[in-house]
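Reader: I am new to this structure and would like a close look at one part of it, with its surroundings described carefully enough that I can follow along. Please explain each term as it comes up.

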Amino acid sequence: MSKIVKINIISGVDWVEIPEAGLKLLCGCPSDVVKHIMKRGLISPAQINGVPYETGPNAILLSDLMLQGGGFSNLAEFPIFQMFYRQGLLLPNHPNNTGEKPLLVGSRQQVEAQIRYIYRGNYGLVSEREIIEAGVSHRWAKELMRMKKFFTGGTIKPADTFLDTCMVEQGEVEIIAGVFIKRQKTNIFEISYKEESVTVDLNLTSSQSYPSPYPLNYYDLKRDYFSVIHSGIGDGWDVIRPSLSSIIIYQGGVYLVDAGPNVVNNLVALGIGINEIEGIFHTHSHDDHFAGLADLIRGDRRIKYYSTSLVRASVTKKLAALLGFEEEQFADFFDVHDLKYDVWNSVCGLDVKPMHSPHPVESVIFMFRTLWEGGYRSYGHFADITAKSVLQSMVVEDKNRVGIDKSEFERVMSNYLLPVDLKKIDAGGGFIHGDAADFRGDKSKKKILGHLDRPLNRIEKEIGSGAPFGTIDTLIPGFQNHYWRCANDYLTSYFPNAMPYQIRSLFNNSIMTFNPEEIILQEYEVNENIYLVLSGNVELLSPASESVNILYAGSIIGETSGIYNRQSTTTYRAMSYVKALRIPCNLYIDFVTNNDMYTILEKYQEQRDFMRNSWLFGEGISYGTQNRIAHVMESFTLLEGEEIIPEEDEPSIYFIISGTVERFVGASVLETISTHDIFGEERLLFGIPGLFRLRVASPLVAYKIPHETIRHIPIIRWKLLESYNKRSRGWMESDTGEEHLLQWHEEFSVAVDEMDDHHKKLFVMSEEVIRAVALGDSQVAERALAFLIDYAKFHFEAEEEMLETEKYPDLQPHKRIHERLMETIIQLINSYLARSRNIIQRVV
């Protein structure tokens with residue numbers, strides 16, 4: 001009988017169990033992975049001496065890559081919570097609380113990122129100073145910390161207090177009890193026990209993404225003036241329903257309340273595309289309300305982000321911990337709007353009032369209202385509230401003790417019971433969730449109970465309603481056709497020089513509804529109509545690309561084939577219910593002719609066709625954005641052997657049409673870049689030039705696209721970041737999966753002799769540390785580490801002084817990079833002194 005059991009859960013996730021060694025290893029942990037393993041029966045109810053608990057994993061193998069398929073690959077918060085609270089590892093007096101800790105296994109970079117992210121997921125903002133920096137008074141900051149520490153047992157402890165770690169860097173590493181793991185290549189690991197071994201591959205292909213654990217039906221929803229679509233009523237443990245969330249329709253616009261796991265799947269089921277979303281109202285940073293943020297980046301404009309400064313600060317710190325970037329970079333992906341507490345904030349005419357709600361992390365409840373005949377119509381969204389019994393237990397008179405004042409208790413309960421037309425309530429129970437019984441006397445016209453992983457019980461049914469996925473509560477009906485307005489807005493923006501009467505001739509046509517999975521235009525078909533997508537999601541299936549690109553509202557289908565009476569080269573297929581304006585080809589041709597646009601269309605057609613079939617530009621980029629990019633794209637050619645020197649005055653990315661380019665350093669070729677791939681993204685992502693040199697390996701034809709044109713397009717930045725992280729890991733990896741030792745190359749020169757000498761010395765010292773650790777020479781390693789930290793401080797101070805003298809414009813961000821590097825070096829020293837022998841090789 002085999003000693004190792006391996007089970008594939010979903011793409012990029014496996015389960016490896018070795019009963020003899022007591023190991024249950026979850027390999028890969030994207031969002032909602034706990035629900036997937038629940039459905040496979042790998043988490044199940046059990047008892048010890050009558051005490052209930054759940055079975056489940058005791059270790060997690062992390063992906064080497066934080067991003068795959070456009071989403072987060074490593075979200076260990078809920079798997080860790082499952083071990084802590086549902087298995088009982090952290091519950092006082094529970095029989096499973098034996099001192100065993102959840103084990104995180106993986107590269108040091110990803111393990112440490114998860115520790116930081118779990119820390120933020122547990123606590124949010126962790127000090128009065130951080131709370132004050134988020135914009136609140138000293139007095140309130142003190143009160144908030146008193147409240148927060150009640151939930152944390154009086155102290156805020158580092159996440160690694162509760163977690164064990166196993167760093168997988170070079171060579172074979174023992175996980176536990178004779179079980180060994182070795183990285184073969186990026187995201188490919190061999191796990192061995194005694195004479196047996198299995199291979200685990202956590203990679204996703206270019207056409208894969210992590211699937212949702214629950215199937216959803218499709219809905220063709222009406223866009224009212226003011227209504228609430230119920231997009232989730234479950235919680236982070238509900239295997240058949242999305243987590244608690246709502247979608248507010250206001251004047252035809254789409255606003256999300258929270259973004260839990262698989263939000264794109266939920267939106268597809270509801271016939272809503274990413275580009276239709278105006279904004280998100282965010283209650284707090286727990287994963288069942290946070291994990292879908294990455295999905296909202298998959299459009300060509302920044303979605304508006306609405307919350308209070310406290311919640312926003314908590315969310316950005318958690319996201320920065322995950323991805324290792326500056327908190328300020330959150331604004332690269334979202335258009336941030338801080339809301340004021342306890343007052344009505346106007347959001348495009350919709351009144352929004354956020355109110356503080358006690359929770360372990362910064363959290364708000366939202367009230368929404370708008371004026372209508374007879375007064376206001378209102379909606380309250382009360383996610384992750386605290387039960388009255390818990391709040392009462394928090395009340396203390398002594399301001400030096402953890403808890404809340406009686407006045408705060410009364411304020412919170414008064415806010416919870418404010419009457420509205422419609423209220424969605426967290427009734428999840430327990431220490432950090434609400435209790436339905438507290439709302440028995442609530443005077444709201446309709447109450448909906450949620451945040452549960454079970455059906456409502458008898459008492460709850462008497463208090464509030466349910467709201468299955470896709471149901472709608474209409475607060476103000478709509479009597480206008482939202483889609484006509486959308487059609488007019490899109491066409492006017494795409495053809496700004498056309499006369500209004502000409503635009504009206506185009507949208508004086510029928511709006512078609514395509515069913516989910518219906519083919520709109522098939523490859524080789526000569527189409528009679530061109531379609532302007534007004535809502536929903538459309539798959540673009542091209543024989544020129546393995547990936548499946550997704551089109552959203554604002555995309556035009558069949559323009560080229562329709563104008564030139566050609567066969568379509570791609571297939572367009574509805575993923576959801578799709579609304580599209582049908583424009584007869586002959587009418588569109590007349591429109592193009594009358595506005596002298598043939599020349600422009602012909603000029604940029606090749607570029608737009610190229611973008612449409614590319615992995616970078618083919619998804620989520622509207623017709624207008626494609627035209628803007630096509631306008632500045634320039635093609636160029638280079639011969640074999642020519643070196644590529646990026647232009648300093650106009651930083652650009654380069655997209656290969658044909659040929660190959662080598663990324664090299666010294667005599668080593670780190671990567672060969674080929675057709676439909678890119679280079680030159682470093683300055684756009686990080687504000688620095690590429691570290692390595694580039695030369696043409698075979699005759700090159702490529703497009704040059706200035707950074708300035710694409711730097712504010714969220715989906716492009718996100719895809720470039722995912723691609724860069726994956727490729728850069730490969731540059732430093734050998735065929736055995738081990739990283740190369742550090743070597744100085746002249747290509748690293750900054751053309752300042754003093755700084756080059758410093759950098760060379762840092763390389764030498766880092767190499768000495770690595771070799772000493774590898775040889776097990778602790779005395780040499782400790783001396784080298786002490787010298788390294790002293791010299792690094794000296795170098796950073798000298799470099800900052802020089803940059804200040806030269807009036808370097810980005811001095812402050814550069815100083816923050818130095819601060820992070822010093823923190824990393826100190827962490828490495830502490831790790832070594834604690835007898836962790838896997839010193840990371842990224843100190844320079």
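Author: Helices (H or I, at least four residues) and strands (E, at least two) are DSSP runs, and they are numbered from the N terminus. In that numbering, glutamate 539 belongs to strand 31, which covers residues 538–541. This is a predicted model, in which local features need a pLDDT of at least 70 and side-chain atom pairs count only at pLDDT 80 or more, while totals for chains, interfaces and linings use all residues. Residues are numbered from 1 along each chain as its sequence is written, and side-chain values use heavy atoms, with hydrogens and water left out.

The pLDDT is the predictor's confidence in each residue, on a scale from 0 to 100. It averages 89 over the chain, and 91% of the residues score at least 70. Over residues 835–844, however, the pLDDT is below 50, although this stretch has 36 contacts in the model beyond near neighbours in sequence, a contact being heavy atoms within 4.5 Å.

The part to look at closely is the sheet that contains strand 3. Six strands make up this open sheet, in the order 1-2-3-6-9-10, and their pairing is mixed; two strands pair if DSSP finds at least two bridges between them. Strand 1 (5–10) and strand 10 (164–167) are the edges, and because each has a single partner strand, one side of each is left without a neighbour in the sheet. On average, neighbouring strands of this sheet are turned by 20° against each other, direction ignored; axes are lines fitted to C-alpha atoms, for helices over the stretch in contact, and angles run from 0 to 180 degrees between N-to-C directions.

Inside this sheet, strand 3 (residues 23–27) has four of its five residues buried, so it is largely enclosed by the rest of the structure; buried means under 20% relative accessible area, exposed over 50%, and partly exposed in between (1.4 Å probe, protein chains only). Five bridges pair strand 2 (residues 13–18) with strand 3 in the antiparallel sense, and valine 16 has leucine 25 of strand 3 as its bridge partner. The hairpin of these two strands has four residues between them, and there glycine 22 takes a positive phi near 75°. Strand 3 is also joined by three bridges to strand 6 (residues 59–61), the two running parallel, with leucine 26 opposite isoleucine 60 of strand 6.

Further along the sheet, strand 9 (residues 103–106) and strand 10 run parallel and are joined by four bridges, one pair of bridge partners being leucine 103 and aspartate 164 in strand 10. Helix 2 (residues 77–86) lies across strand 3, strand 6 and strand 9, and runs at about 170° to strand 6. Helix 3 (residues 108–123) also packs on the sheet, where it touches strand 9 and strand 10, and its direction makes about 145° with that of strand 9.

A second open sheet can be set beside this description. Its six strands follow the order 21-22-23-24-25-26, with mixed pairing; strand 21 (345–347) and strand 26 (446–450) are its edges, each pairing on one side only. The twist here averages 25° from one strand to the next. Within it, strand 24 (residues 375–382) and strand 25 (residues 422–426) pair in the parallel sense over four bridges, and phenylalanine 382 has isoleucine 425 in strand 25 as its bridge partner.

To return to the residue named at the start, glutamate 539 has a relative accessible area of 16% and therefore counts as buried. Not counting residues up to four places away in sequence, glutamate 539 touches Val548, Asn549, Thr571, Tyr572, Arg573 and Met575. Another acidic residue, aspartate 224, sits in the loop between strand 14 (196–201) and strand 15 (226–232), and it counts as buried because its relative accessibility is 7%. Its side chain and that of threonine 474 are joined by a polar contact of 3.0 Å, which is a pair of N or O atoms within 3.5 Å; within protein, one must be able to donate a hydrogen and the other to accept it, and residues adjacent in sequence count only if both atoms are side-chain atoms. A polar atom of the aspartate 224 side chain also lies 3.1 Å from the backbone nitrogen of glycine 478.
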